[in-house]
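Me: I'd like a close look at one part of this model, the smaller of two sheets, and then how the rest is put together around it. Could you walk me through it strand by strand?

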Amino acid sequence: MLAMMRSEWMKIRRSIVWLLVPISPLLALPAGLLGTSATDGAPWQEALALLAVLHAMLFLPLLTCVFAAMVCRYEHLNGGWKQLLALPVSRTSVYAAKLAVILLLLALVQLLFLLALLMVGILGGFAPPIPWGALLSSVLGGWIACLPLAALQLFASTLFQSFAAPVAAGVVFTMPNMLIANSAQYGPYYPWVQPMLAMIPREHMAFGAFGITSGTLLAVIGVSFAAFFLVGWTYFSRKAV
Amino acid sequence: MNSPWMIETKQLTKMLGGKPVVDRVDMLIQKGEIYGFLGPNGAGKTTTIRMLLGLARPSSGHIRLLGKDIRRERLDILRKVGSLVEYPSYYGHLSGYENLEAVRRLLDIPKSRIDEVLAIVRLTKDAKRPVKGYSLGMKQRLGIATALLGSPELLILDEPTNGLDPAGILEIRELIKSLPRSQGVTILISSHLLSEVDQMATRVGIISSGRMIFQDSIARLRKQAKSGIRMRVSEPEQAMRLLHGHGFQAAVESELLAFDDLPDAQIGAMVARLSEHGHLIYRIEESAASLERIFLDMTGTEGSL
């Protein structure tokens with residue numbers, strides 16, 4: 001598995017994926033500086049709520065789709081799969097490594113987002129203390145909430161022999177996020193909206209699907225991740241290449 | 001484990017859409033052999049090879065590579081197998097060296113081996129360039145380098161000269177011929193052109209519409225060729241009637257007397273008869289059917305295979 005990861009690193013190292021990683025944090029920085037003020041009641045929470053909306057509603061699910069398609073793209077393109085799978089590697093480790101790369105990229109995105117948030121606070125002169133608990137649980141929660149979507153999109157990306165198809169599907173399903181977040185009934189079960197539900201502080205959004213408790217959301221995320229991973233992994237293990 | 005066969009399939013079958021694409025194939029390849037796997041495009045060569053490598057599952061039948069069952073010991077087997085399937089696989093955004101490095105990390109072998117295989121396929125100079133800028137021939141050579149990386153005991157090359165120009169074909173053929181035979185590498189090389197494997201293969205298997213229709217030495221394949229005797233004489237029609245009168249089987253084909261293969265004594269007798277009757281014999285030649293001809297007759301395909 002370690003060898004597998006090192007091989008994946010070799011392939012992704014020179015990929016354009018690195019241009020996509022800092023996009024959302026780079027946009028969050030000016031948006032945060034312009035849209036918040038140190039004189040707000042709780043400026044840190046205000047900034048988090050403001051920046052997390054765009055980041056978690058749009059960028060996080062879209063980036064998950066793109067990353068998943070990306071790690072499969074260079075395998076689809078010129079017969080990479082058949083070369084890779086004719087090597088002494090188990091299909092499970094190949095699939096797990098692909099998922100791990102997606103999750104590592106997303107972790108990096110979240111880390112940069114946290115950094116952007118901290119810079120907004122520091123440059124904006126927000127009063128200390130920095131609410132680490134709220135910030136970290138939001139960033140980490142957002143990352144965990146990407147797990148089911150990452151598994152689902154990886155499945156789609158191995159299923160379709162193209163880069164565009166799974167990304168297009170991801171975009172189509174991400175677009176209605178704002179509407180679906182309003183639905184207390186369906187929202188929590190919709191993989192594309194889960195990052196948003198997990199990232200935005202509860203006290204700032206008390207409507208629709210945001211009414212769900214963290215515990216319930218975590219359970220839904222856990223179960224759907226397991227389900228999507230199992231389906232995708234089973235398909236990939238039996239796939240003829 | 002003491003099986004003499006590097007590749008052994010039993011009744012290997014692959015059904016696609018209810019039709020057998022590979023139909024009860026028994027393939028046997030001995031250690032140290034260079035086995036030419038021949039057949040027209042779409043005959044089932046690539047499907048067979050994909051099953052050998054565990055890339056696709058057989059519908060029925062068994063596969064043993066290096067004496068081991070591919071279903072049970074796939075990873076053990078693949079550690080000792082190098083392959084190039086159908087068209088070369090590569091990561092275009094990486095250099096040739098990086099492509100090999102991505103594979104090397106999975107094989108757990110020393111880095112120096114990359115330089116060795118690059119030298120074997122003569123890509124050392126271009127190793128630092130992105131592969132997307134390589135010519136098809138260079139990509140093929142990189143594919144062969146990748147297959148050689150793990151110092152395999154068994155090399156499976158599927159159509160390694162596909163899509164290359166004559167110079168490229170020659171280059172790849174020379175390369176394959178130059179591979180270290182002394183180390184006892186067994187090579188399976190597939191092609192739709194007999195001429196391509198003719199000069200290097202020790203044994204051939206011919207597949208047509210999913211069925212293995214011939215599997216034996218090249219020499220045996222040549223024997224299957226109907227050789228015959230052609231004779232150019234002054235008056236072929238009369239000569240033929242004369243010979244018929246003496247109990248010889250003869251025919252006229254495009255102004256030439258044509259016979260099945262005959263022992264020397266009979267030919268001598270015929271020549272004597274013809275001379276006696278004033279026929280002038282300009283030349284007598286043996287006509288061995290080309291391997292291409294035999295191949296075409298066997299696979300029942302005309303023109304381009």
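In chain B, 4 strands form an open sheet: in what order do they come, and what is the pairing?

Reply: Before the strands, some bookkeeping: residues count from 1 along each chain as its sequence is written, while chains are lettered from A and ligands numbered from 1 in the order written. The model is predicted, with pLDDT of at least 70 needed for local features and 80 or more for side-chain atom pairs, though totals for chains, interfaces and linings use all residues, and side-chain values use heavy atoms, leaving out hydrogens and water.

Now your sheet: the order is β13-β14-β12-β15 in chain B, and the pairing is antiparallel. (Strands are DSSP E runs of at least two residues and helices H or I runs of at least four, numbered from the N terminus; two strands pair when DSSP finds at least two bridges between them.) At the edges sit β13 (251-253) and β15 (281-287) of chain B, each pairing on one side only. Ignoring direction, neighbouring strands here are turned by 30 degrees against each other on average.

Take the β12/β15 pair in that sheet. Strand β12 (residues 228-233) of chain B is joined to β15(B) over 6 bridges, in the antiparallel sense. Within the pair, Arg232(B) has Arg283(B) of β15(B) standing opposite.

Two helices pack on this sheet. Helix α9 (residues 236-245) of chain B touches β12, β13 and β14 (256-260) of chain B, and its direction makes about 35 degrees with that of β14(B). Helix α10 (residues 264-276) of chain B touches β12, β14 and β15 of chain B, with its direction at about 15 degrees to that of β12(B). (Touching means heavy atoms within 4.5 Å; axes are lines fitted to C-alpha atoms, for helices over the stretch in contact, with angles from 0 to 180 degrees between N-to-C directions.)

Chain B has another open sheet, built from 6 strands in the order β7-β8-β9-β4-β10-β11, and there the pairing is mixed. Its edges are β7 (81-84) and β11 (211-217) of chain B; each has a single partner strand, so one side of each is left without a neighbour in the sheet. From one strand to the next, the twist averages 15 degrees.

Inside that sheet, β8 (residues 154-158) and β9 (residues 186-191) of chain B run parallel and are joined by 5 bridges. Asp158(B) faces Ser190(B) of β9(B) in this pair, the two standing opposite each other. Helix α1 (residues 45-52) of chain B packs on the sheet too, touching β4 (34-38), β8, β9 and β10 (203-208) of chain B, and its direction makes about 150 degrees with that of β9(B).

Further along, β10(B) and β11(B) pair in the antiparallel sense over 6 bridges, and Arg203(B) stands opposite Ser217(B) in β11(B). The hairpin these two strands make has 2 residues between them, and Ser209(B) takes a positive phi near 45 degrees there.

A glycine leads into β9(B): Gly184(B) is found in the loop between α6 (166-178) and β9 of chain B. Leaving aside residues up to four places away in sequence, Gly184(B) touches Lys31(B), Gly32(B) and Glu153(B). By contrast, its C-alpha atom is separated by 15 Å from that of Met200(B), 16 residues apart along the chain.

Then there's the contact with chain A, which takes 28 residues from chain B and 30 residues from chain A. There are 2 salt bridges between the chains (a side-chain nitrogen of Lys or Arg within 4 Å of a carboxyl oxygen of Asp or Glu). One of these has Glu98(B) with Arg13(A), the closest N and O atoms being 3.1 Å apart. On the side of chain B that touches chain A, α2 (74-78) and α3 (96-107) of chain B each supply at least two residues. The most comes from α3(B), with 7 residues.

Over all chains, the structure holds 22 salt bridges. Among them is the one between Glu75(A) and Lys98(A), at 2.9 Å from N to O. Glu75(A) lies in helix α4 (residues 43-77) of chain A and Lys98(A) in helix α6 (residues 91-123) of chain A, so the pair ties together parts that are 23 residues apart in sequence.
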